Amino acid sequence: ERGRLNRLRHTPAVTLDGQKVELLANIELPDDAAAALKAGAVGVGLFRSEFLFMGRKGQLPDEEEQYQAYRRAVEGMEGMPVTIRTVDVGADKPLDESRRDEAHLNPALGLRAIRWSLAEPDMFRTQLRAILRAAAHGRVNLLVPMLAHAGEIRQTLSLIDFARAELDNRGAVYGAVSIGAMIEVPAAALSLRTFLKYFDFLSIGTNDLIQYTLAIDRADESVAHLYDPCHPAVLRLVTETIAECNAQGKGVSVCGEMAGDVAFTRLLLGLGLRSFSMHPAQILAVKQEVLRADAGRLQPWAQEVIQSEDPAQALAL
Ligand code: PEP
Ligand code: MG
């Protein structure tokens with residue numbers, strides 16, 4: 001099976017009815033770009049930059065170290081786009097293990113991701129400058145995690161402007177970036193008008209979107225059986241986000257685990273998704289699903305699935 005899949009590496013991901021689909025890689029460190037290329041990814045849809053920050057015992061990477069790391073990822077992808085997500089620490093990804101003791105009752109609802117970045121603006125601007133400088137070496141998209149409020153969006157965008165001004169003052173070289181937001185809090189999926197006003201593209205983080213929509217801790221084994229990507233409420237938020245972006249001609253991808261699970265490829269295609277970002281190991285299997293799919297025929301079927309009482313069962317039939 002692996003050998004057969006390997007032959008699909010250079011085959012473009014196009015459905016039977018000619019719809020082009022973008023299959024991107026999720027990476028954690030710059031060197032993962034090699035695996036992404038090897039798997040036939042056409043870019044990086046999610047570079048989880050927090051892995052550069054974790055386990056450093058308080059010594060966070062400075063601008064130069066970050067710039068070199070982002071640049072390595074960008075150059076490693078040989079001209080293909082790289083979406084760098086700003087740090088998403090906290091909750092299931094603590095900055096370092098010792099800080100786990102700074103007990104917060106609900107870390108997933110606490111100071112994580114963009115909330116942490118906005119609480120540490122010097123650190124955040126350092127990261128933004130490093131990303132903007134790396135963008136001089138290739139196609140870079142900047143992605144912001146966990147946004148929910150219009151105020152956070154405006155604060156984030158003004159810090160990006162500030163970071164550019166700092167680089168200008170220094171005479172540093174930097175590149176243009178598209179700026180996107182993760183849709184991973186239900187409040188964001190229910191405020192698409194605001195998000196689409198401010199951002200060039202959206203990326204749906206189903207891992208957290210499921211967690212927050214269903215109030216199921218994604219890391220808690222005891223409720224794992226209730227963690228359901230097929231819950232009608234989750235599917236509705238995913239569906240509306242894809243549809244709204246498509247209607248407005250804005251880029252939209254899914255970068256949570258759902259994107260790399262072949263059980264959902266046809267459903268997501270039927271809902272109009274044309275960009276999937278996943279662990280490199282999943283790319284060829286998802287590509288095989290894409291090559292066998294007729295997107296036009298999947299469209300009415302997908303609507304039926306999401307409207308049924310038990311979409312998981314409808315999907316299985
Ligand atoms: C997600 O929440 O779906 C996502 C891609 O981000 P992470 O898994 O890094 O929280
Ligand atoms: Mg997330």
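Start your tour at Glu184, which sits in the loop between strand 5 (177–183) and helix 7 (186–189). Keep in mind as you click around that this is a predicted model.

**Stop 1: Glu184 and Asp208**

With Glu184 selected, is the residue buried or exposed? Glu184 counts as buried, because 27 C-beta neighbours fall inside 10 Å and the cut-off for buried is 20 or more. Now show its contacts: leaving out residues up to four places away in sequence, Glu184 touches Pro145, Met146, Gly205, Asp208 and Leu209.

Click on Asp208 from that list next. Asp208 lies in helix 9, and Asp208 counts as buried too, with 24 C-beta neighbours inside 10 Å. There is a reason to visit these two together: an unreviewed UniProt entry places the feature "binding site" at Glu184 and Asp208. The pair is spread over 25 residues of sequence, yet in space the two cluster, with a largest C-alpha distance of 5.3 Å.

**Stop 2: around ligand 1**

Now select ligand 1 and bring up its surroundings. Which residues are around ligand 1? You should find Leu46, Arg48, Asp88, Glu184, Gly205, Thr206, Asn207, Asp208, Cys255 and Gly256. The elements that give two or more residues to this shell are strand 2 (44–48) and helix 9 (206–214). Helix 9 gives the most, with three residues. Try colouring the shell by class: there are two nonpolar, four polar and four charged residues.

**Stop 3: Arg48 and Arg85**

Another "binding site" listing in UniProt, again from an unreviewed entry, takes in Arg48, Arg85, Asn207, Asp208 and Arg218. Let's look at two of these residues, beginning with Arg48.

Arg48 is found in strand 2. Arg48 is buried, since 20 other C-beta atoms lie within 10 Å. Setting aside residues up to four places away in sequence, Arg48 touches Asn26, Glu28, Arg85 and Asp88.

Hop over to Arg85, whose place is in strand 3. Arg85 counts as buried with its 25 C-beta neighbours inside 10 Å. Beyond its neighbours within four places in sequence, Arg85 is in contact with Leu46, Phe47, Arg48, Ser49, Leu143 and Pro145.

**Stop 4: strands 2 and 3 side by side**

Switch to a cartoon view and show strand 2 and strand 3 together. In what sense do strand 2 and strand 3 pair? They pair in the parallel sense, over three bridges. For a landmark, find Phe47, which stands opposite Ile84 in strand 3.

Turn on the side chains of strand 3 now. Val82 and Ile84 point one way, while Thr83 and Arg85 point the other way. In a regular strand, side chains alternate between the two faces of the sheet. Whichever way they point, all four residues of this strand 3 set (Val82, Thr83, Ile84 and Arg85) are buried.

**Stop 5: helix 5**

Select residues 121–134 to pick out helix 5. This helix has 14 residues and reaches 20 Å from its first C-alpha to its last, close to the 20 Å expected at 1.5 Å a residue.

How many of its 14 residues are buried? Ten are, leaving helix 5 mostly covered. Among those buried residues are Phe124, Leu128, Ile131 and Leu132, along with Arg129 and Arg133. What do the buried residues pack against? Light up helix 3 (63–76), strand 3 (82–85), helix 4 (114–119), strand 4 (140–144), helix 6 (150–170) and strand 5, and you have the list. Strand 3, from the previous stop, is one of these partners.

**Stop 6: Thr265**

Move along to Thr265 in helix 11 (residues 265–270). Thr265 is buried, with 25 other C-beta atoms within 10 Å. Not counting residues up to four places away in sequence, Thr265 touches Val286, Glu289 and Val290. Draw a distance line to Phe276 as well: Thr265 and Phe276 are eleven residues apart in sequence and 8.9 Å apart in space, C-alpha to C-alpha.

**Last stop: Gln313**

Finish at Gln313, which is found in helix 14 (residues 311–316). Buried or exposed, what is Gln313? Gln313 is exposed, because there are 11 other C-beta atoms within 10 Å, and exposed means 12 or fewer. For a final distance line, connect Gln313 to Met258: the two are 55 residues apart in sequence and 17 Å apart in space, C-alpha to C-alpha.

Key:
Residues are numbered from 1 along each chain as its sequence is written. Chains are lettered from A and ligands numbered from 1 in the order in which they are written. This is a predicted model: local features need pLDDT of at least 70, side-chain atom pairs count only at pLDDT 80 or more; totals for chains, interfaces and linings use all residues. A residue is near a molecule or strand if its C-beta atom, placed from the backbone, lies within 6 Å of it. Ala, Val, Leu, Ile, Met, Phe, Trp, Tyr, Cys and Pro count as nonpolar, Asp, Glu, Lys and Arg as charged, and the others, Gly among them, as polar. UniProt positions are given in the numbering used here, feature names are shortened, and annotations may be inferred rather than shown by experiment. Two residues are in contact if their C-beta atoms, placed from the backbone, lie within 7 Å. The expected span of a helix is 1.5 Å times one less than its number of residues. Two strands pair if DSSP finds at least two bridges between them.
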